[in-house]
Amino acid sequence: MENRQVEVSVIIPNYNYARFLRQRIESVLSQTYTNFEIILLDDASTDDSVSILNDYRDNKHVSHVEINTKNTGSPFMQWKKGIRMARGKYIWIAESDDAAEPIFLEKAVAALNQYPEASFCFIGAHCINEFGKPICKDFDKWTSKQLRHSSRMAVFEGTDYIEHNLYWRNYIYNASGAVFQKSCFEQIKGSPCFTMRYCGDWLFWIEMARQGMVIEIYDKLNFFRIHSSSTIANANVLGQGVKEAMQIVSETEKQLPLMPKCKKRIIHGSFYKEIKRMRVSANIREELLVSYRELLQGSQLDYYIERFYKLMAPCLPGLLTRIRDRL
């Protein structure tokens, strides 16, 4: 790639997604915003991925093609590797099985330039299956509260976004929908999120939100591919995803000591419910309950409180729920 200043570094981390890889790269090259470099990473794929990546090696936008000889076992290690190589002010981690509308990057960069104090911008997505067909899933779940903004965009203080949004769940459900400030990443590059296997992205966005404001754009410009078997499903077999999630909630509570007690008990109760309903062995369930008590100081009473709030919320409009608390 020619040696010029780029504003955005697009990182495409790949592992065995040859069947989607060309569409992903072409959707980046088709962006209306063009001041970007592409960093292509492969984590020792065993399919035809490397051959496809090599086809783009001489493209003027491609600055790096890095092929691992040994699989790292962690997508977040690939994130970190790509960010270290990046020359842009902004980073877009464009997952190799996703795609985007041509205007995606233009919208994100315009928002970040308008609000330089923001650490990242997140844009909604259409969900598609392995064959590229639309499916009836909506992870954005915007309500009138979000869509009331005439500009279809909202800006939040980072700590507020953590307390009211990210503490409940990872609303930044797909990295392909986010563009973030590289300078903010520099403040969190030692975070344990990069050593996590399942929930590292959730912790990553919490850490990023601590660095500045958060922008949400209420427009579906990303295509998020849902697979029949996923990392999350595999994580639930051994319960490791739940354990990492409890670690994240525990650390978030330490950072926000004024968090309302009722909110904590609702979230703790939801973990107890999830553990009890998981299809795992009795030994794994007991290990998770031990972690639940150690990390969250939770009890079965939290489960009953969570159930009460869940059942009574339709009758009591003022009762706290995740949807009502969301900014």
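# Close-up views of a predicted model

**View 1. The structure holds one cavity of 30 Å³ or more.** This is a predicted model, and so are the views that follow. The largest cavity holds about 60 Å³ of space. Its lining includes the aromatic residues F122, F139, W142, Y161, Y171 and Y173. I172 lines the cavity too. So do D140, R169, E216 and R326. By class, the lining has seven nonpolar and four charged residues. Polar residues are absent from this lining.

**View 2. A salt bridge joins K220 and D138.** The closest N and O atoms of this pair are 3.0 Å apart. Where do the two partners lie? K220 is in strand β9, residues 213–225. D138 is in the loop between β6 (118–128) and α5 (144–147). The two parts are 82 residues apart in sequence, so the pair ties them together. In total, the structure holds 13 salt bridges.

**View 3. Domain 1 and domain 2 meet at a contact of 18 and 25 residues, respectively.** The domain assignment places domain 1 at residues 8–227 and domain 2 at residues 239–325. Their centres, taken over C-alpha atoms, are separated by 28 Å. Together the two domains bury about 1,900 Å² between them. Of that area, 67% is on carbon and sulfur atoms. How many salt bridges link domain 1 and domain 2? The count is zero.

**View 4. E163, Y167 and W168 stand out on the domain 1 side of the contact.** These three residues supply 41% of the area that domain 1 buries against domain 2. That is more than any other three residues supply.

**View 5. The second largest pocket has a volume of about 170 Å³.** Its lining is made of 13 residues. Which of them lie nearest the centre of the pocket? They are E253, K264, H268, L296 and Q297. The lining has six charged, five polar and two nonpolar residues.

**View 6. Three helices each supply at least two residues to the lining of the second largest pocket.** These helices are α10 (240–255), α11 (261–277) and α12 (282–296). Which helix gives the largest share of the lining? It is α11, with four residues. E253 falls within the α10 range and is one of the residues nearest the pocket centre. K264 and H268 fall within the α11 range, and they too are among the residues nearest the centre.

Terms used
Residues numbered from 1 in each chain as written. Predicted model: local features only at pLDDT ≥ 70, side-chain atom pairs only at ≥ 80, totals over all residues. Heavy atoms only, no water. 1 Å grid on protein atoms, 1.4 Å probe; cavity = no way out; pocket = protein on both sides within 12 Å on 5 of 7 lines; lining within 4 Å. Points joined across faces, edges and corners; volume = space filled by probe spheres on them. Nonpolar A, V, L, I, M, F, W, Y, C, P; charged D, E, K, R; others polar. Domains from an automatic or database assignment. Contact = heavy atoms within 4.5 Å. Buried area = accessible area lost by both parts, 1.4 Å probe. Salt bridge = Lys/Arg side-chain N within 4 Å of Asp/Glu carboxyl O.
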